[in-house]
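This report concerns a ligand, its surroundings and the empty space within a protein model. The structure is shown first.

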Amino acid sequence: MYKSVLITGASRGIGFAACEGFLKAGWQVFACARDIHPLEDLSKEYPSLIPIVCDLRDPEEIGHLFDVIRQYVDQLDAVVNNAGVSYIGLIQDMTAESWDELMEINLRAPFLVIKAALPGMLRAHEGVIVNISSMWGTYGASCEAAYSASKGGLSAFTKALAKELAPSGIRVNAIAAGAIDTSMNAFLSLEERKQLEDEIGLGRLGRPEEVADLILYLCSEKSSYLTGAIIPLDGGY
Ligand SMILES: NC(=O)c1ccc[n+]([C@@H]2O[C@H](COP(=O)([O-])OP(=O)(O)OC[C@H]3O[C@@H](n4cnc5c(N)ncnc54)[C@H](OP(=O)(O)O)[C@@H]3O)[C@@H](O)[C@H]2O)c1
């Protein structure tokens with residue numbers, strides 16, 4: 001029988017690569033984003049992919065997302081909270097509205113998604129949650145203070161929740177990703193990118209597929225003793 005996973009922010013980048021990884025491994029994949037066109041194309045190749053439109057800023061849309069999922073499965077085996085946005089700029093230039101919006105997507109949405117997925121996982125006494133955090137949540141980045149705060153919060157949420165849910169057989173881990181080659185870093189000039197690469201031990205940005213491989217491992221039985229971990233995946237930054 002298929003195992004099932006929900007991946008948020010699956011229309012491109014790390015989320016899209018994770019979708020492909022899970023589909024190749026034979027999972028049923030529920031994949032959401034605001035723009036699901038790339039996922040609809042992929043679902044022609046993989047009928048076990050169910051793309052669902054969802055703006056994670058809206059709790060009602062998250063409710064609808066789970067209404068659709070429940071039409072297919074009683075419970076999810078895994079949830080990957082991947083959707084995220086960055087904000088680059090000085091903190092004194094950031095409005096409260098921009099702060100709130102970033103926190104809604106990066107921190108509140110994982111809470112709401114997990115809350116909606118938990119009843120099924122608790123009934124089954126098993127499940128896996130993977131949150132995509134960032135090395136900036138650990139180290140902090142200049143001009144990304146709000147983003148760093150959201151990811152630091154997500155990492156702390158992960159550790160606390162792992163303790164709360166371990167007695168119920170549910171594992172919770174996070175990946176503290178370094179610089180990954182996705183549209184999130186498209187704003188970098190060639191010179192800025194080179195500077196960043198020079199700060200990375202392995203001398204290059206990570207590939208989305210490399211993050212996807214770790215996500216898949218964290219959702220598999222091979223990591224059955226791993227919970228509450230914030231795993232750095234940053235090429236030795
Ligand atoms: N790239 C990096 O260097 C890096 C490093 C560390 C951590 N991360 C984290 O990794 C995760 C994925 O990043 P990425 O690099 O793959 O970014 P990306 O290419 O920009 O993709 C972001 C995804 O999030 C979705 N998303 C954004 N706002 C949304 C909303 N309001 N509702 C629903 N979905 C929304 C986007 O879909 P739609 O626009 O179609 O809605 C898209 O699928 C993020 O949490 C990011 O913070 C990335």
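The text below treats the ligand, the pocket and the cavity in turn.

The model is predicted: local features require pLDDT of at least 70 and side-chain atom pairs pLDDT 80 or more, whereas totals for chains, interfaces and linings use all residues. Residues are numbered from 1 along each chain as its sequence is written, and side-chain values use heavy atoms, with hydrogens and water left out.

**The ligand and its shell**

The ligand is surrounded by 31 residues, a residue being counted if one of its heavy atoms lies within 4 Å. Ser11, Arg34, Asn82, Tyr147 and Thr182 come nearest. By class, the shell contains 14 nonpolar, eleven polar and six charged residues. Here Ala, Val, Leu, Ile, Met, Phe, Trp, Tyr, Cys and Pro count as nonpolar, Asp, Glu, Lys and Arg as charged, and the others, Gly among them, as polar.

At least two shell residues come from each of α1 (13–24), β5 (127–134) and α6 (145–165). Strand β5 gives the largest share, three residues. Helices (H or I, at least four residues) and strands (E, at least two) are DSSP runs numbered from the N terminus.

The table lists polar contacts of ligand oxygen atoms (pairs of N or O atoms within 3.5 Å).

| Residue | Part in contact | Distance |
|---|---|---|
| Ser11 | N or O atom in the side chain | 2.7 Å |
| Arg12 | N or O atom in the side chain | 3.1 Å |
| Asp35 | polar backbone atom | 3.0 Å |

Taken alone, the ligand exposes 880 Å², of which the protein buries 96%; the areas come from the Shrake-Rupley method with a 1.4 Å probe.

**Pocket and cavity**

The ligand sits in the largest pocket, meaning that more than half of its atoms lie within 2 Å of the pocket's grid points. On a 1 Å grid over the protein atoms alone, a pocket is an open set of points with protein on both sides within 12 Å along at least five of seven lines, a cavity is a set where a 1.4 Å probe fits but cannot get out, and lining residues have an atom within 4 Å of a point.

The largest pocket has a volume of about 1,200 Å³, a volume being the space filled by probe spheres set on the points. Its lining has 47 residues, with Ser86, Tyr147, Thr182, Met184 and Asn185 nearest the centre. Elements giving two or more of the lining residues are α1, β2 (28–33), β5, α6 and α7 (190–198).

One cavity of 30 Å³ or more is present. The lining of the largest cavity includes Thr8, Leu56 and Asn82, and helix α4 (residues 96–124) supplies its largest share, four residues. This lining has six nonpolar, three polar and no charged residues.

Technical notes: A polar contact is a pair of N or O atoms within 3.5 Å; within protein, one must be able to donate a hydrogen and the other to accept it, and residues adjacent in sequence count only if both atoms are side-chain atoms.
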